[in-house]
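Visitor: Please take a close look at one part of the chain shown here, and then carry on from there to the rest of the fold. A plain account is enough.

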Amino acid sequence: MSSKLPKNEILDIFRETGALLEGHFQLTSGLHSPQYFQCARVLQYPKYLHLFAGEIAKHFEYNDIELVISPALGGIVAGTEVGRLLGVRTIFAERKNGKMEIRRGFEIHPGECSLIVEDVVTTGGSVFEVVDILRTARGTLSGVGYIVDRSNGQLTFDSKQFSVLQLDVVTYKAEECPLCQKGEPITKPGSRGNF
Ligand code: ZN
């Protein structure tokens, strides 16, 4: 399920804050894309963090959520705001030696109704790892809320799930890229330390 905020208004906010860039990009996967998205750039503004986290909080406000848990690093900012709005304890999981775990004395109590919050979901890998952490701790997975769904609608988390926006990813193999064929100069986000 997605938010009722108009998609074009959300996209305008993403463009205006530089979160969504349009042009010709080489992604870290090596694939080419006419878009590059960096969610942190929109969430640096309190009013937009509040707006998007607020959509997630509103969606789950009647689900008796007792705990918000986010995968580090991207999910922490959104998770903290959702937790604040719902007035519940908020923790995060982080990767150590490649494995996602909760540290810092954080706890998940058995049966605790937990909402996973993430900023952007593409393959869903980090979210699935947090689902495993919840299962191991015998917490109850009550839902998964994220700001941007980049999975092209492909993911199911075995729970209520909600995204503020579905933003389909368009990618091309380098040799089939129409932008390359038009001779458009390519940018590698990250290569200048900007992302
Ligand atoms: Zn290209």
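Guide: Leucine 73 lies in the loop that runs between strand 3 and helix 4, the latter covering residues 74–86. The model is a predicted one, and the feature to look at here is in the backbone. The peptide bond that leads from alanine 72 to leucine 73 is cis, with omega near -5°. Most peptide bonds are trans, and most residues other than glycine have a negative phi.

The second half of that rule has exceptions in this chain as well. Arginine 138 has a positive phi of about 60° although it is not a glycine. This arginine is found in the loop between helix 5 (125–136) and strand 7 (140–149). Its relative accessible area is 58%, so arginine 138 counts as exposed. Asparagine 152 also carries a positive phi, near 55°, and is likewise a residue other than glycine. Asparagine 152 sits in the loop between strand 7 and strand 8. With a relative accessible area of 32%, asparagine 152 is partly exposed.

These loops belong to a fold with six helices and eight strands. Read along the sequence, the order is α-β-β-α-α-β-α-β-β-β-α-β-β-α. The radius of gyration is 17 Å, close to the 16 Å that the globule rule gives for 195 residues, so the protein is as compact as a globular protein of that length. Along its principal axes the C-alpha trace spans about 55 × 35 × 30 Å. Of the 195 residues, 44% count as buried. The exposed area comes to about 10200 Å², and carbon and sulfur atoms supply 49% of it. Among contacts between residues at least 6 apart in sequence, 63% join residues at least 24 apart.

Some of these links can be followed through the aromatic side chains. The structure holds eight aromatic pairs. A pair of aromatic rings is described by the distance of the centres and the angle of the planes. Phenylalanine 14 and phenylalanine 52 form one of the pairs, 5.6 Å centre to centre with 65° between the planes, which is edge-to-face. The two rings come from distant parts of the chain: phenylalanine 14 is in helix 1 (residues 7–16) and phenylalanine 52 in helix 3 (residues 46–59), 38 residues apart. Phenylalanine 14 is buried, at a relative accessible area of 0%, and phenylalanine 52 also counts as buried, at 0%.

Another edge-to-face pair is made by phenylalanine 60 and phenylalanine 162, with 6.5 Å centre to centre and 90° between the planes. Phenylalanine 60 is in the loop between helix 3 and strand 3 (67–71), while phenylalanine 162 is in strand 8 (residues 161–166), 102 residues away in sequence. At 1% relative accessibility phenylalanine 60 counts as buried, and at 3% phenylalanine 162 does too. Phe14, Phe37 and Phe52 form one aromatic cluster.

Helix 1 also holds isoleucine 10. Its relative accessibility is 1%, so isoleucine 10 counts as buried. Leaving aside neighbours within four places in sequence, isoleucine 10 is in contact with Leu5, Phe52, Val164 and Leu165. Phe52 is thus shared between two descriptions: a contact of isoleucine 10 and a member of the aromatic cluster. From isoleucine 10 to cysteine 177 the gap is 167 residues in sequence and 27 Å in space, C-alpha to C-alpha.

Cysteine 177 leads to the metal site. The zinc ion is coordinated by His24 (NE2), His32 (ND1), Cys177 (SG) and Cys180 (SG), at 2.0 to 2.4 Å. The four donor atoms subtend angles of 94 to 118° around the zinc ion, which makes the arrangement tetrahedral. For comparison, the ideal angle for four tetrahedral donors is 109.5 degrees. In sequence the donor residues are spaced H-x7-H-x144-C-x2-C. Histidine 32 in strand 2 (residues 32–37) and cysteine 180 in helix 6 (residues 178–181) are 148 residues apart, and the pair links distant parts of the chain. Histidine 32 is buried, with a relative accessible area of 6%, whereas cysteine 180, at 33%, counts as partly exposed.

Conventions. Residues are numbered from 1 along each chain as its sequence is written. This is a predicted model: local features need pLDDT of at least 70, side-chain atom pairs count only at pLDDT 80 or more; totals for chains, interfaces and linings use all residues. Side-chain values use heavy atoms; hydrogens and water are left out. Donors are N, O and S atoms within 2.8 Å of the metal (3.2 Å for Na, K and Ca); water is not among the atoms, so sites may look incomplete. Four donors count as tetrahedral if all angles lie between 85 and 135 degrees; four count as square planar and six as octahedral if opposite donors are over 155 degrees apart and all others between 65 and 115; anything else is irregular. Helices (H or I, at least four residues) and strands (E, at least two) are DSSP runs, numbered from the N terminus. Buried means under 20% relative accessible area, exposed over 50%, partly exposed in between (1.4 Å probe, protein chains only). Rings of Phe, Tyr and Trp (its six-membered ring) pair if their centres lie within 6.5 Å; planes under 30 degrees apart count as stacked, over 60 as edge-to-face and the rest as tilted. The radius of gyration is taken over C-alpha atoms; the globule rule is 2.2 Å times the number of residues to the power 0.38. Contact means heavy atoms within 4.5 Å. Accessible areas come from the Shrake-Rupley method with a 1.4 Å probe; for residues, only the protein chains shown count as cover.
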